[in-house]
Amino acid sequence: MSKTLIAPSLLAADFGNLQRDVEMVNASEADWHHIDVMDGVFVPNISYGMPVLKAIQQHATKPLDVHLMIVDPDRYIEEFARLGAAHLTVHYEACPHLHRTLQAIKSHGMKAGVAINPHTNVQLLEDTIKDIDIVIIMSVNPGFGGQSFIENTYDKIKSLKALITKKNASTLIEIDGGVTTNNAQKLVAAGADILVAGSFVFKSQDPQATIKALKG
Ligand code: DX5
Ligand code: ZN
């Protein structure tokens, strides 16, 4: 069985030592750099934008997994492609024309992701699942790191997995929020392919060992 992919979230990095923390991820067993962009409108917090992403990109050696928590993401698709995003994930709740948005992301050579908030039912993705490369199931309400994991996530993973199988899609399932070694195995058993972890990795004594432990 292939190992779970791990995407450390740089939201929990030390921004005063960003290069050091990006290089820690480079040297670790992590698979992707998870990058959270927040606009203070879609979510009640502002994280970082293009100049910081540019700095990350200059040092990162693994695919950039960009998670946009912003309204009207269509405006920035081209710019994120130019900044080196390998995967661009938009929120279902922020996209009135989701199918068009997904096509636009792919037309710029990126994998297309859709994130769903804890209250959003996975069945709403039935008509687009074959067009989605990655679904991020939010296991906390988006906007902040360090929140506690929502237990209903396991049921959502199982429902999404069933939908992917039913539609014969090849979509990957990514879990974002409150991931630790306490829930990692159970998430993978439920059907998760990728685990995002912010605080649990960067606030740990030995982040590289924590990444290894999450990978299982
Ligand atoms: C939350 C972000 C997450 C966040 C996860 O809105 O999408 O990627 O960094 O942080 P932890 O792992 O601390 O819950
Ligand atoms: Zn995220």
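Where is Asn168 found? It is in the loop between α5, residues 153-166, and β7. Keep that residue in mind. I'll come back to it.

One caution before the tour. This is a predicted model.

Let's begin with the annotated sites. UniProt, in an unreviewed entry, lists Asp36 and Asp176 under "active site". They span 141 residues in sequence, yet no two of their C-alpha atoms are more than 10.5 Å apart, so they gather at one spot.

Take Asp36. It sits in strand β2, residues 33-38. Is Asp36 buried or exposed? Asp36 has 25 other C-beta atoms within 10 Å. The cut-off for buried is 20 or more. So Asp36 is buried. Setting aside residues up to four places away in sequence, Asp36 touches Ser9, Leu11, Ser47, His67 and Met69.

Now Asp176. This one is in strand β7, residues 172-176. Asp176 also counts as buried, with 25 C-beta neighbours inside 10 Å. Which residues does Asp176 contact, leaving aside neighbours within four places in sequence? The list is His67, Ile136, Met138, Ser139 and Val196.

You heard His67 in both lists. Asp36 touches His67, and Asp176 is in contact with His67. So let's look there.

His67 lies in strand β3. His67 is buried, and the count is 29 other C-beta atoms within 10 Å. Beyond its neighbours within four places in sequence, His67 contacts His34, Ile35, Asp36, Val37, Thr89, Ala115, Ile136 and Asp176.

That brings in His34. Its place is strand β2. His34 is buried, with 30 other C-beta atoms within 10 Å. Again leaving aside neighbours within four places in sequence, His34 is in contact with Ala7, Pro8, Ser9, Leu10, Asp65, His67 and Val196.

Put these four together. The unreviewed UniProt entry places a "binding site" feature at His34, Asp36, His67 and Asp176. They are spread over 143 residues of sequence, but they cluster in space, with a largest C-alpha distance of 10.5 Å.

There is another "binding site" annotation in the unreviewed UniProt entry. Its residues include Ser9, His67, Phe144, Asp176 and Ser199. Several glycines are listed too, among them Gly143, Gly177 and Gly198.

Where does Phe144 lie? In the loop between β6, residues 134-138, and α5. Phe144 has 17 C-beta neighbours inside 10 Å, so it counts as partly exposed.

Next, a pair of helices. Two packed helices are described by the angle between their axes and the distance between the axes. Ours are α1, residues 18-27, and α2, residues 50-59. Their axes come within 9 Å and cross at roughly 45 degrees. The two helices are therefore oblique to each other. The crossing is right-handed.

Which residues meet there? From α1, they are Leu18, Gln19, Val22 and Glu23. From α2, they are Ala55, Ile56 and His59. By type, the contact has four nonpolar residues, two polar and one charged.

Move on to the loop between α1 and β2. Asp31 lies in it. Asp31 counts as buried, with 20 C-beta neighbours inside 10 Å. The cut-off is 20 or more, so Asp31 just meets it. Asp31 touches Leu5, Ile6, Ala7 and Lys62, not counting residues up to four places away in sequence. How far apart in space are Asp31 and Asn17? They are 21 Å apart, C-alpha to C-alpha, and 14 residues apart in sequence.

Last stop: the backbone. Most residues other than glycine have a negative phi. Two residues here have a positive one.

The first I'll show is Asp72. It is not a glycine, yet its phi is about 50 degrees. Asp72 is in the loop between β3, residues 64-69, and α3, residues 77-82. With 15 other C-beta atoms within 10 Å, Asp72 is partly exposed.

The other is Asn168, back from my opening. Asn168 is not a glycine either, and its positive phi is about 55 degrees. Is Asn168 buried or exposed? Exposed, with 8 other C-beta atoms within 10 Å.

To recap the main picture: His34, Asp36, His67 and Asp176 carry a "binding site" annotation in UniProt, and they cluster in space. That's all from me.

Note on methods: Residues numbered from 1 in each chain as written. Chains lettered and ligands numbered in written order. Predicted model: local features only at pLDDT ≥ 70, side-chain atom pairs only at ≥ 80, totals over all residues. UniProt positions renumbered as here; feature names shortened; annotations may be inferred. Helix = DSSP H or I, 4+ residues; strand = E, 2+ residues; numbered from the N terminus. Buried ≥ 20, exposed ≤ 12 C-beta atoms within 10 Å, placed from the backbone. Contact = placed C-beta atoms within 7 Å. Axes fitted to C-alpha atoms, helices over the stretch in contact; angles between N-to-C directions. Parallel < 35°, antiparallel > 145°, perpendicular 65-115°, else oblique. Left-handed = near helix turned anticlockwise from the far one by under 90°. Nonpolar A, V, L, I, M, F, W, Y, C, P; charged D, E, K, R; others polar.
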